[in-house]
Amino acid sequence: MSTPPLPHRPTWVESAAGSGFDVDHLPYGVFARSGERPRVAVRIGDQVLDLSVVAAADMVDTHALFDQPTLNPFMAAGPAVWDSTRAWISGLLTDQTERDLVEPALAPVDSVTMRMPFEVGDYVDFYASEHHASNVGRMFRPDAEPLLPNWKNLPVGYHGRSGTVVVSGTDVVRPCGQRKAPTDDLPTYGPSQRLDIEAELGFVVGVPSAMGERVATADFARHTFGVVGLNDWSARDVQAWEYVPLGPFLGKSFATSISAWVTPLAALAAAWTDLPGQDDPPVLDYLRVEGPAGLDIDVEVVLDGEVVARPPYRTMYWSPAQMLAHTTVNGASLRTGDLWGSGTVSGPERDQRGSLLELSWGGKEPFTAAGRERTFLEDGDEVTLRYSAPGALGGRITLGEVTGRVLPAR
């Protein structure tokens, strides 16, 4: 799952040391300044490095890939280009002799506007946490087994709406739809009263595949460019009424937020860890993985400035490689920019639940945030998801955070 580590040399960018954005990270994004076109950058400390400028000045063959409004052309170029670019950037930022070339292309991150980093192709959302799926099963099917019979045999997922994937910082309007309480005879229409978040990790496809071609778990790194933070906003009351028998639709399709920064898969080389175990029942051959296939990534859910949960991604039952393999096992193709979410990340403890549905146990057990009792999201609430993982330099890298504020229904 990993690529060879970069040389462990300190960067000359002073703000990078201990920041979570050192040379062992180097996430990619798309930025713009007032009156200028969007283009590709990499983050180092509290600075953004304009790759289009420095690549042209350094006469790099792939410089045209960075003078683009999205990461898609670079992502489509494949692992050899990803690896050589990462090594080139690391050299620029650790070699003092390159300082005169690089410094004119640096700008403070708070002086630029971060844009949607890539054009989303297809969007698939999975349901890969056993703890989350079990919690939901206990709430909605208290007299039955928490997990449905297929759950440990395949990564359950649904196809979402790519057109409503938005970048961090975008406000989310409270959705409207049909709602029906168990005691009501007929549904009503109106704003969702049970608006929720789902703390997830998103994975981004770089290299596409042909229709009819199956992508094996062993080929995960050949096709996957990187990772984003992801919040799959959910209208639980709309979802509860519509999802039987075909699954989520309007309760999920109104907004999905992702981080502005994409962490390349190579930056997670130190984060791979073993899956919790898939022996009962054993998975089918096409879902088998070799070696560590899970990720040791810590998540924080922040509601109105207060951390209310800390879900651990390392507890996820299904790995990203298995999700990708299952997506294509029927011959469905991949496109550059395809995005798949892990589903809600939840751990075994109450403070590790990655949705308000779980934290409030369906609204029956309010939790405290910002000094008062809460269940679901209220207008004006701001939610931030923060992520960190082990870095190759021994510390931790900080993945791009995801923030969104709830606006009233229109």
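1. Let's start with S319: with a relative accessibility of 1%, this residue counts as buried, because the cut-off for that label is under 20%. Keep in mind that we're looking at a predicted model.

2. Where does S319 sit? You'll find S319 in the loop that runs between β21 (306-309) and α8 (320-328). As for company, once neighbours within four places in sequence are set aside, S319 has contacts with L275, V289 and A293.

3. β21 also takes us to the sheet. There are 5 strands in this open sheet, ordered β9-β26-β25-β20-β21, and the pairing is mixed. At the edges are β9 (172-173) and β21, each of which pairs on one side only. So the strand that leads into the S319 loop is an edge strand of the sheet.

4. Within that sheet, have a look at β20 (residues 298-303) and β25 (residues 382-390): they pair in the antiparallel sense, over 6 bridges. If you want a spot to check the register, V299 stands opposite Y387 in β25. As a reminder, strands of a sheet pair through backbone hydrogen bonds, either parallel or antiparallel.

5. On to the surface. Which residues form the nonpolar patch there? They are F140, Y243 and V244, and together they have about 290 Å² of accessible area.

6. One member of that patch, Y243, belongs to the loop between α7 (236-242) and β16 (256-258). Its relative accessibility is 34%, so Y243 counts as partly exposed; that label covers values between the 20% and 50% cut-offs. S319, by contrast, is a loop residue that counts as buried.

Note on methods. Residues numbered from 1 in each chain as written. Predicted model: local features only at pLDDT ≥ 70, side-chain atom pairs only at ≥ 80, totals over all residues. Heavy atoms only, no water. Helix = DSSP H or I, 4+ residues; strand = E, 2+ residues; numbered from the N terminus. Buried < 20%, exposed > 50% of the residue type's maximum accessible area, 1.4 Å probe, protein only. Contact = heavy atoms within 4.5 Å. Pairing = 2+ DSSP bridges. Patch = residues over 30% accessible without salt bridge, like charges linked within 9 Å, V, L, I, M, F, W, Y side chains within 5 Å. Areas by Shrake-Rupley, 256 points an atom, 1.4 Å probe, with all protein chains shown as cover. Salt bridge = Lys/Arg side-chain N within 4 Å of Asp/Glu carboxyl O.
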